[in-house]
Amino acid sequence: MSDVHTPEKRSYNMSRIRGSNTAPEILLRKKLWAAGLRYRLKVKISGKPDLVFLSARVAVFVDGCFWHGCPEHYISPKTNAKFWRDKINKNKIRDEVVKKELESEGWCVIRLWEHEIENDVEQCVEKIRTTVGESRQRRSSHASM
């Protein structure tokens with residue numbers, strides 16, 4: 001089956017896909033802010049996390065189910081299958097490399113699927129709150145030694 005859109009229309013559709021400020025990201029950010037958790041955006045560290053808690057050294061990534069190959073929701077496109085398989089695999093490899101790189105620099109990495117945020121944003125907020133709290137506690141106990 002060929003694409004139902006013209007190449008121009010497909011190009012336009014693909015250009016509208018955003019890498020930041022997605023609906024799940026905005027929902028999470030609003031809930032975190034309401035919970036009193038202050039974060040930074042656009043911090044220049046490996047992998048360009050969606051949210052960063054600098055003092056706690058916690059980096060949060062919001063992964064789209066399609067773009068990062070969610071085991072629950074990813075459905076491989078039927079057309080141009082090899083291209084998409086390779087693309088998604090490269091994304092997964094890059095995600096793992098970035099995670100290891102950040103962890104080696106002392107960062108705690110949290111990866112959330114878009115469906116986790118959409119289904120239970122409060123649980124995601126609690127996961128972040130707990131991780132930030134534990135990380136701050138660890139960092140302050142190391143600093144006092």
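A salt bridge is taken here as a side-chain nitrogen of Lys or Arg within 4 Å of a carboxyl oxygen of Asp or Glu. In this predicted model, glutamate 122 and lysine 31 form such a pair, with the closest N and O atoms 3.6 Å apart. Glutamate 122 belongs to helix α5 (residues 121-143) and lysine 31 to helix α2, so the salt bridge ties together parts that are 91 residues apart in sequence. Both partners are partly exposed: the relative accessibility of glutamate 122 is 47%, and the relative accessible area of lysine 31 is 33%.

The chain as a whole provides the setting for this pair. Its secondary structure consists of five helices and three strands. Read from the N terminus, the elements follow the order α-α-β-β-α-β-α-α. The C-alpha trace spans about 65 × 30 × 25 Å along its principal axes. The chain has 145 residues, of which 32% count as buried. Where contacts join residues at least 6 apart in sequence, 57% of them link residues at least 24 apart. The exposed area of the chain is about 9600 Å², and carbon and sulfur atoms supply 54% of this area. The chain carries 28 positive and 19 negative charges, and the mean positions of the two sets lie 5 Å apart.

Side chains of opposite charge can pair when their charged atoms come close. Across the whole structure, seven salt bridges were found. One of them joins arginine 29 to glutamate 25, with a distance of 3.8 Å between the closest N and O atoms. These two residues are both in helix α2 (residues 23-34), where a separation of four residues places them about one turn of the helix apart. Arginine 29 is buried, its relative accessible area being 15%. Glutamate 25 is likewise buried, with a value of 5%. Helix α2 therefore holds arginine 29, a buried residue at 15% relative accessible area, as well as lysine 31, the partner of glutamate 122 in helix α5.

A further salt bridge is found between the side chains of aspartate 86 and lysine 82, at 2.7 Å from N to O. Helix α3 (residues 81-104) contains both residues, and the four-residue spacing between them again corresponds to about one turn of the helix. Aspartate 86 is partly exposed, at 29% relative accessibility. Lysine 82 has a relative accessible area of 53% and counts as exposed, because the cut-off for that class is over 50%. Elsewhere, Asp63, Asp95 and Arg111 are joined into one network by salt bridges that share partners.

Aspartate 95, a member of that network, is also located in helix α3. Its relative accessible area is 11%, and aspartate 95 is therefore classed as buried, the limit being under 20%. When neighbours within four places in sequence are left aside, the contacts of aspartate 95 are with Asp63, His68 and Arg111. Two of these contact residues, Asp63 and Arg111, are the other members of the network.

Away from the charged pairs, alanine 59 is situated in strand β2 (residues 58-63). This residue is buried, with a relative accessibility of 0%. Beyond its neighbours within four places in sequence, alanine 59 is in contact with Ile45, Pro49, Leu51, Leu102, Trp107, Cys108, Val109 and Ile110. Alanine 59 and threonine 130 are separated by 71 residues in sequence and by 13 Å in space, taken from C-alpha to C-alpha.

Threonine 131 lies in helix α5, the helix that also contains glutamate 122. Threonine 131 is buried, at a relative accessible area of 14%. A polar atom of its side chain is 2.8 Å from the backbone oxygen of lysine 127. With residues up to four places away in sequence not counted, threonine 131 touches Val58, Cys108 and Ile110. Among these residues, Cys108 and Ile110 are also in contact with alanine 59 of strand β2.

Notes: Residues numbered from 1 in each chain as written. Predicted model: local features only at pLDDT ≥ 70, side-chain atom pairs only at ≥ 80, totals over all residues. Heavy atoms only, no water. Buried < 20%, exposed > 50% of the residue type's maximum accessible area, 1.4 Å probe, protein only. Polar contact = N/O pair within 3.5 Å; in protein donor to acceptor, adjacent residues only side chain to side chain. Contact = heavy atoms within 4.5 Å. Areas by Shrake-Rupley, 256 points an atom, 1.4 Å probe, with all protein chains shown as cover. Lys, Arg positive; Asp, Glu negative; His and termini not counted. Charge placed at Lys NZ, Arg CZ, Asp CG, Glu CD.
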